[in-house]
Amino acid sequence: MPRSVRRPSALIAAAAAGTLLLAGCGSGGGSAAAGGDAAKPVEGGSLTYAVDTEPVSFDIHASSQDITGAIQRNVFDSLVRQDDKGEFHAWLAKTWEVAADLKSYTFHLRDDVKFTDGTVFDAEAVKVNFDRIVAKDTKSQYASSLIGPYTGTDVIDAHTVKVNFSEPFAPFLQAASTPYLGFYSPATIKENGPKLGSGGAVDIGTGPFVFSGYTKGQSAVFTKNPAYNWAPEGSAHQGAPYLDKLTVRFLSESSVRIGALNSGQVQVADAVPPADVKTLKADSRIQLITKATPGANYGLVLNTTQAPLNDPLVRKAVQRGIDVDTDIKSVYFGVYDRAWSPISPTTPYYDASLEKSWPYDQAQSNSLLDQAGWTTRDADGYRTKDGKRLTVEWPLMPAEYVRDQRDTLGTAIQADLKKIGVEITRPRLDIGTYIKKVYAGEEGIADYSWARFEPDVLRLYFNSASDPRKGGQNATFYKDADLDTWTDAGKATLDKAVRQDVYSKTQKKAIDLALFVPLYVRTAVAGAGTDVHGLRSDPNTWLNFYDTWLGK
C-alpha cells in the first residue's frame with residue numbers, strides 16, 4: 001500500500017507512497033539521468049534533496065513506507081540489483097543459484113565488504129538480518145511479506161549462504177533487490193535493535209553513505225562512505241560516491257518544495273505536483289526526471305466485511321459510479337494516466353485487456369443500488385434502506401502522510417458518489433488510530449499504491465492469507481479460492497506463460513468482484529537543477545544518488 005503506518009504500516013506506506021510504491025511526463029516512459037553523463041564527474045560538494053513525506057520509521061525491516069526505502073537505499077545495499085528490464089545483476093552477491101524447486105537460493109558473497117562500523121559483511125550477517133525480519137519483536141509489516149515462506153538461512157561458509165523456504169517462492173530474488181531486505185551490522189542490531197527506527201548514527205549499513213544525523217520534522221543528513229568499493233554491477237562508476245554530503249529535507253507543502261528548488265535552496269525536489277510540471281519543463285534552469293511506477297496502482301480498497309460494501313452490488317455501484325477519467329484529468333493535468341487494473345502497465349504481466357472494460361456508468365450504478373434495496377432517499381439526497389443512510393467511511397491520514405493531492409481527488413470522488421446517493425465520510429484520524437482501524441478491518445475504504453517491479457503485489461493485495469490482522473496487506477479482507485490459487489501459483493513458478501495466465505485472471509477477477517477501484521498510474525516526477533549530473537531513478541522510481549555529482 002502504497003508510498004506510506006507500515007510504514008507505520010505497510011498499508012500506510014502504500015497510501016503515503018506514491019507507494020506506496022511509481023515514465024516520462026504524461027505517462028509511460030522510462031528513466032532519465034539528470035544533467036547528462038558526457039562531462040567528467042566532479043568529486044565533492046553537498047546536495048540537498050527535498051521530499052514530501054517523512055518516514056514514520058527508518059527501520060528498513062519494520063517500515064513499509066516507500067519513503068523509508070527511498071531514503072535508506074543510500075545506506076543499505078542488497079544481495080542483487082534489478083534493472084529496468086527486470087534482469088538481476090551482482091551486488092553483495094557475486095553469483096547465485098536457484099534450486100529447481102524454488103525452495104532455496106544459494107548466494108556467493110563478496111569477501112571485501114565492510115559495514116561502516118568496520119565489521120565484516122559475511123554469511124552470518126545475512127542470516128542475522130533475515131532472521132531479524134521474521135522475528136516477532138521486529139513487527140515487520142512489509143519485509144516479512146517480501147521474505148515470504150522463509151524457514152531459515154544456512155551458513156555454508158563465511159561467504160556462502162543458502163536461504164530456505166517451506167514452499168516454492170519465485171519472487172524472492174526481486175525481493176532481495178530491495179532495501180527492505182538490506183543488511184544492518186549485526187553489532188548494531190544487537191546493541192541498538194529497538195532504536196533503529198529512529199535513524200541517525202545507529203543505522204549502520206554497507207552502503208555508499210553513512211546516516212550521520214536526523215532532526216525530526218526537518219532533515220536527515222548522510223555523509224560519504226569513503227571506503228565504499230562494491231557498487232552494484234551496471235553502476236556508472238566504482239569506488240566512493242562523488243558527493244561528500246547528502247541532506248534530505250522534509251517539505252510536505254508542494255509550494256514550499258518547488259519554491260526551494262526554484263530558489264536553489266535545494267538541488268533536487270521529489271514529488272513535483274502535476275500542476276507545476278508544465279512550468280518547470282519550460283524553465284531552462286530545471287530538468288525533470290520522470291518514470292512510471294511499477295507495482296500496484298493508487299486506488300480504493302473496498303472492505304468486503306463491512307456493510308454496506310459486503311454487498312457486491314454496492315461495491316460494483318461504487319466502482320462504476322466514480323468518474324475516474326474526469327477526476328484524474330482535472331486533478332493531475334494529464335501527468336498521471338487513469339488506471340484500469342490493480343497493477344500498472346509497467347509491471348510484468350499487466351493485463352491490457354482490462355483497459356476501457358469497466359467505464360463510468362452512473363445509470364448502471366443507480367440500477368445496482370436499486371437491486372440492493374437502497375431505493376429511498378433522505379432530505380440530503382442520500383439513499384436509505386430501512387431508515388438507514390447509505391454511508392461508507394473512508395478515513396484520511398494526517399496531512400503529512402497524504403501525497404499527490406489525494407485528498408483533493410477524494411473530494412471529487414465524494415461528489416461523484418453523492419450523485420448516485422452514496423455518502424462518503426472522511427474523518428481525519430491520527431496515524432495510530434488510522435493504522436489500528438484499517439488493519440483491524442473497521443473502515444469501509446482504504447486507499448494506497450505500492451511500488452514494486454513484481455506482480456506478486458497481487459498476492460499481497462488479494463490472497464486471503466495476506467490478512468492485515470496478521471501482518472498482511474489484503475485490506476479487502478475477501479476470501480476467494482481462485483484468487484488464492486492463482487496468486488499462490490504465480491508465487492511458485494518462474495514459468496512466464498503460467499505467470500501471465502494466473503496474474504491476468506487475478507487482475508480481471510479483482511475488478512469483476514469490485515474489490516478494488518484503480519484510480520491512477522503514478523508517474524514519479526522529480527525536478528533537479530541543471531548542475532546536477534548522473535542522477536537516475538531505479539525500477540521502483542527511487543532516486544539513486546551514488547553516481548550523482550555536482551557541476552555547473
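Contact, as the word is used here, means heavy atoms within 4.5 Å. The structure is a predicted model, in which local features need pLDDT of at least 70, side-chain atom pairs count only at pLDDT 80 or more, and totals for chains, interfaces and linings use all residues. Residues are numbered from 1 along each chain as its sequence is written, and side-chain values use heavy atoms, with hydrogens and water left out.

A convenient place to begin is helix α3, residues 123-134; helices (H or I, at least four residues) and strands (E, at least two) are DSSP runs, numbered from the N terminus. This helix has twelve residues and reaches 17 Å from its first C-alpha to its last, close to the 16 Å expected at 1.5 Å a residue, where the expected span is 1.5 Å times one less than the number of residues. At the start of α3, a side-chain oxygen of D122 comes to within 3.3 Å of the backbone nitrogen of E124. Buried residues are those under 20% relative accessible area, exposed ones are over 50%, and partly exposed ones lie in between (1.4 Å probe, protein chains only); in α3, the buried ones are A123, A125, V126, N129, F130, R132 and I133. Their cover includes the strands β5, β6 and β7 together with the helices α4 (143-146), α5 (172-175) and α6 (186-192).

Strand β7 (residues 160-165) has five of its six residues buried, so it is largely enclosed by the rest of the structure. Strands are taken to pair if DSSP finds at least two bridges between them. Strand β5 (residues 104-109) pairs with β7 in the antiparallel sense over five bridges, and Y105 has V163 of β7 as its bridge partner. Strand β6 (residues 150-157) also pairs with β7 in the antiparallel sense, over six bridges, with V155 matched to V161, and β6 and β7 form a hairpin with two residues between them.

Aromatic residues come next. Rings of Phe, Tyr and Trp (its six-membered ring) pair if their centres lie within 6.5 Å, with planes under 30 degrees apart counted as stacked, over 60 as edge-to-face and the rest as tilted. The whole structure holds 32 aromatic pairs by this search, and one aromatic cluster is formed by Y105, F107, F115, F121, F130, Y150, F165, F169, F172 and F183. A charge sits over a ring if NZ of Lys or CZ of Arg is within 6 Å of the ring centre and within 35 degrees of the ring normal; the charged end of R338 lies over the ring of W340, 3.4 Å from its centre, and that of R426 over the ring of W394, 3.5 Å from its centre.

Further along the chain, strand β20 (residues 445-451) has seven of its seven residues buried. From this strand I445, D447, S449 and A451 point one way, while A446, Y448 and W450 point the other way. Strand β13 (residues 295-302) pairs with β20 in the antiparallel sense over six bridges, and G295 stands opposite A451.

Two single residues complete the picture. R383, in strand β16 (residues 383-385), is buried with a relative accessible area of 4%, and a polar contact of 2.8 Å joins its side chain to that of N366; a polar contact is a pair of N or O atoms within 3.5 Å, where within protein one must be able to donate a hydrogen and the other to accept it, and residues adjacent in sequence count only if both atoms are side-chain atoms. S341, in the loop between β14 (337-338) and α11 (362-371), is buried with a relative accessible area of 0%, and its side chain reaches the backbone nitrogen of I343 at 3.1 Å.
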